[in-house]
Amino acid sequence: MSLVVEDTGDGFPIVLLHGLGGTSNTWQPLMTALGNMRAIRPDMPGSGRSALGSQRLSIAVMVEAVTQWLTDRGIETFHLVGHSMGTIVCQHIAARFPDRVKGLVLYGALTEPPQTAREGLLLRATHARKENLAGIADQIVQNTLAPSTHRENPAAVAFVRESVLRQTGDGYAANCEALSLAEAADWRKITASTLLVTGESDPVAPVSMGRLLSEKISGAKLEILPGCGHWTPLEKPEQSAVLLRGFLAEHPQ
């Protein structure tokens, strides 16, 4: 499966995986934190500029697409940074390839969707194929961003809405279906140093989920950002960047 990937900078590779409705641009606010480090930002299959392809999309397909892209370019070890659905992909990669993944930074980390969320994702997929994405984008903006973000950071609100609107209906629907079937990774197999960053007001990946992951992933640390919803890198870019920069300084490779 072909991916459109932004690959910039030098040094130890940092692979950044966006979530549902996101693109490589989800990470733009954190790029200054990376300096000249090598940042690898794919548009995941069926998202942004990456084609959906003929294979039915799943978390396993995403894992294979990312790791194969890295292997094809001789990148054997790397850090992983993820947001939302991308954190599930990161966890599966880290569990499957513990020798390759040296560090994990997970924003709005998910375990796996609860049953009500699975049903909602399938319904959203149906709407995405039948209608334009404006209604879905408005619902996501309303329900997943913190109230303080709406008041104080209207540019982030606009960015999230535009990010969802710029997806294709079929691609977005396929990603919804893939997430609806997602299962938790085998956390016992994750050996990478791990930082979890959770918004205090995140309704999608609540603090309780972050605490569970911090208990299940050996040695994981949890940071909770006040006044932040689910779109952590966009709602709290400065704090997110400081945490990422600090983690990378402690774990250069």
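Here is a chat between a visitor and a guide about the pockets, cysteines and buried parts of this predicted model.

Visitor: Before we start, what kind of model is this, and how are residues numbered?
Guide: This is a predicted model, where local features need pLDDT of at least 70, side-chain atom pairs count only at pLDDT 80 or more, and totals for chains, interfaces and linings use all residues. Side-chain values use heavy atoms, with hydrogens and water left out, and residues are numbered from 1 along each chain as its sequence is written.

Visitor: OK, what is the volume of the largest pocket?
Guide: First, the terms: on a 1 Å grid over the protein atoms alone, a cavity is a set of points where a 1.4 Å probe fits but cannot get out, while a pocket is an open set with protein on both sides within 12 Å along at least five of seven lines; lining residues have an atom within 4 Å of a point. Grid points are joined across faces, edges and corners, and a volume is the space filled by probe spheres set on the points. For the largest pocket that comes to about 530 Å³.

Visitor: Which residues of its lining are closest to the centre of the largest pocket?
Guide: The lining of the largest pocket has 23 residues. By class they are 13 nonpolar, eight polar and two charged (Ala, Val, Leu, Ile, Met, Phe, Trp, Tyr, Cys and Pro count as nonpolar, Asp, Glu, Lys and Arg as charged, and the others, Gly among them, as polar). Closest to the centre are Ala117, Leu121, Arg124, Thr144 and Val204.

Visitor: And which element gives the largest share of that lining?
Guide: Helices (H or I, at least four residues) and strands (E, at least two) are DSSP runs, numbered from the N terminus. Two or more residues of the largest pocket's lining come from each of α4 (115-130), α5 (134-144) and α8 (169-180). The largest share, five residues, belongs to α4.

Visitor: Which element gives the most to the lining of the second largest pocket?
Guide: That pocket holds about 180 Å³ of space, and its lining divides into four nonpolar, five polar and three charged residues. Two or more residues each come from β6 (193-199), β7 (221-225) and α11 (237-250). With five residues, the one that gives the most is α11.

Visitor: What about closed space: how do the residues around the largest cavity divide by class?
Guide: The structure holds one cavity of 30 Å³ or more, and the largest cavity has about 30 Å³ of space. Its lining is made of Leu3, Val5, Val15, Ile40, Pro42, Val66, Trp69 and Leu70, with α2 (59-72) supplying the largest share, three residues. The split is eight nonpolar, no polar and no charged.

Visitor: Why is Cys90 not bonded to the closest cysteine sulfur?
Guide: A disulfide is a pair of cysteine sulfur atoms within 2.5 Å, and a search of the whole structure finds zero of them. Cys176 is in no disulfide either, as the nearest cysteine sulfur, that of Cys90, is 19 Å away. For Cys90, the closest sulfur is in Cys228, too far for a bond at 18 Å.

Visitor: Is Cys176 buried or exposed?
Guide: Buried means under 20% relative accessible area, exposed over 50%, and partly exposed in between (1.4 Å probe, protein chains only). Cys176 has a relative accessible area of 0%. That makes Cys176 buried.

Visitor: How many residues of α3 are buried?
Guide: Helix α3 (residues 85-96) has 12 residues and reaches 17 Å from its first C-alpha to its last, close to the 16 Å expected (1.5 Å times one less than its number of residues). Its buried residues, including Cys90, pack against β2 (10-17), α2, β4 (78-83), β5 (101-107), α8 and α9 (207-216). The helix is largely enclosed by the rest of the structure, because the buried count is 10 of the 12.

Visitor: Which residues does Met44 touch?
Guide: Met44 sits in the loop between β3 and α2 and is buried, with a relative accessible area of 1%. Contact means heavy atoms within 4.5 Å. Not counting residues up to four places away in sequence, Met44 touches Leu3, Leu17, His18, Ser50, Met62, Val66 and Val89.

Visitor: Last one: where is Thr198 placed?
Guide: Thr198 counts as buried, at 1% relative accessibility. Among the residues it touches, not counting those up to four places away in sequence, are Ala205, Leu222 and Glu223. Its place is in strand β6.
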